[in-house]
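Please look through the sequence and the structure shown here. The paragraphs that follow take one helix to begin with, then the sheets, then the chain as a whole.

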Amino acid sequence: MRSGPGAAVLVWLALLAGCSSDRADTAEAAGTHLARRSVTSSGSTTSSPTTSSPTTTVTVPSGPDPRAKALQTATGVIVPVLGVTAEGYRVRTPCGREASVTGGKPLRQATVVLDPGHGGVETGSVGANGLVERDLNLEIAHRVVSLLEQAGVSVVLTRMHDYRITIATRAEIALGLAPRAFVSIHHNGGSDGPSMKPGTETFFQIASTESRRLAGLIQEELFATFATHRDIAWEADSDAGAKYRPNASGGDYYGILRRSAGV
């Protein structure tokens, strides 16, 4: 791979373009990045303004790190590492395929891993005012990263930009980095109706007492913060709070919780 920002963009597009034969939506996700980042004739990059995709600066080590569990590519795509070769890394792409990557920033561990839900063509909920969950999840995640890093906490995002990434790949990043906490950020649509109090929901892993405890702590802090805003017309489900949702076999309904068991 040649050096320079143009090559960095090619790494990003190669990881995403490799998904194009997987499903139509992944092809569209790759197309989103082609629209947002283009390579000029001089090899530099141009980006459309966005609040949720900050400029990423990566320090590239001299050679592959055999202890790397995840990799941050030069353009900020986070991928789990499957193995290390003399030339670079074997990684899992955002859509779940295998690929080889040279360069990038190896990641061995993190205290916290945050997962901005949805991405790319997977928009999530869309509000009455046009606000898209996919974008809001990412914006909130970046703000939380800033707060955690200011407190001296090491944190990694499963996605730092707007593209589709499978639940399996998100969980694989978390399992590899083995953080003390793994939190997936969502803004759900739909409710039982108007409420006198915030409708925050925090789901935990059914079989994990530590997950239940973390959910309770997060729910307590979020609810206390939101409840200070008395001028908001809240909507909520009747059972809002720290809770679980089982599937037909009694395990976790949500794949991000089911696949990240052990974190």
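The buried residues of helix α5 are S211, A215 and Q219, where buried means under 20% relative accessible area, exposed over 50%, and partly exposed in between (1.4 Å probe, protein chains only). Viewed along the axis of α5, these buried residues fall within an arc of 65 degrees, so they line one face of the helix; the arc is that of the directions from the helix axis to the C-beta atoms. The face turned away from the buried side of α5 carries the exposed residues T209, E210, R213, E220 and E221.

This is a predicted model, in which local features need pLDDT of at least 70 and side-chain atom pairs count only at pLDDT 80 or more, while totals for chains, interfaces and linings use all residues. Residues are numbered from 1 along each chain as its sequence is written, and side-chain values use heavy atoms, with hydrogens and water left out.

Helices (H or I, at least four residues) and strands (E, at least two) are DSSP runs, numbered from the N terminus. Among what covers the buried residues of α5 are β12 (202-203) and β14 (242-243), with contact meaning heavy atoms within 4.5 Å.

One open sheet is formed by five strands in the order β6-β5-β4-β3-β7, with antiparallel pairing; two strands pair if DSSP finds at least two bridges between them. β6 (98-101) and β7 (105-107) stand at the edges, each with a single partner strand, so one side of each has no neighbour in the sheet. Within the sheet, strand β3 (residues 70-72) is joined to strand β4 (residues 78-84) by three bridges, and A70 stands opposite P80 in β4.

Another open sheet has three strands in the order β9-β8-β10, and its pairing is parallel. Its edge strands are β9 (155-157) and β10 (181-185), each pairing on one side only. Strand β8 (residues 112-116) is joined to β9 by three bridges, and the bridge partner of V112 in β9 is V155.

Which helix lies across β3, β4, β5 (89-92) and β7? Helix α4 (residues 167-177) does, running at about 60 degrees to β4. α4 also lies across β8, β9 and β10, running at about 175 degrees to β8. Axes here are lines fitted to C-alpha atoms, for helices over the stretch in contact, and angles run from 0 to 180 degrees between N-to-C directions.

For the chain, the secondary structure comes to six helices and 14 strands. Of its 263 residues, 39% count as buried.
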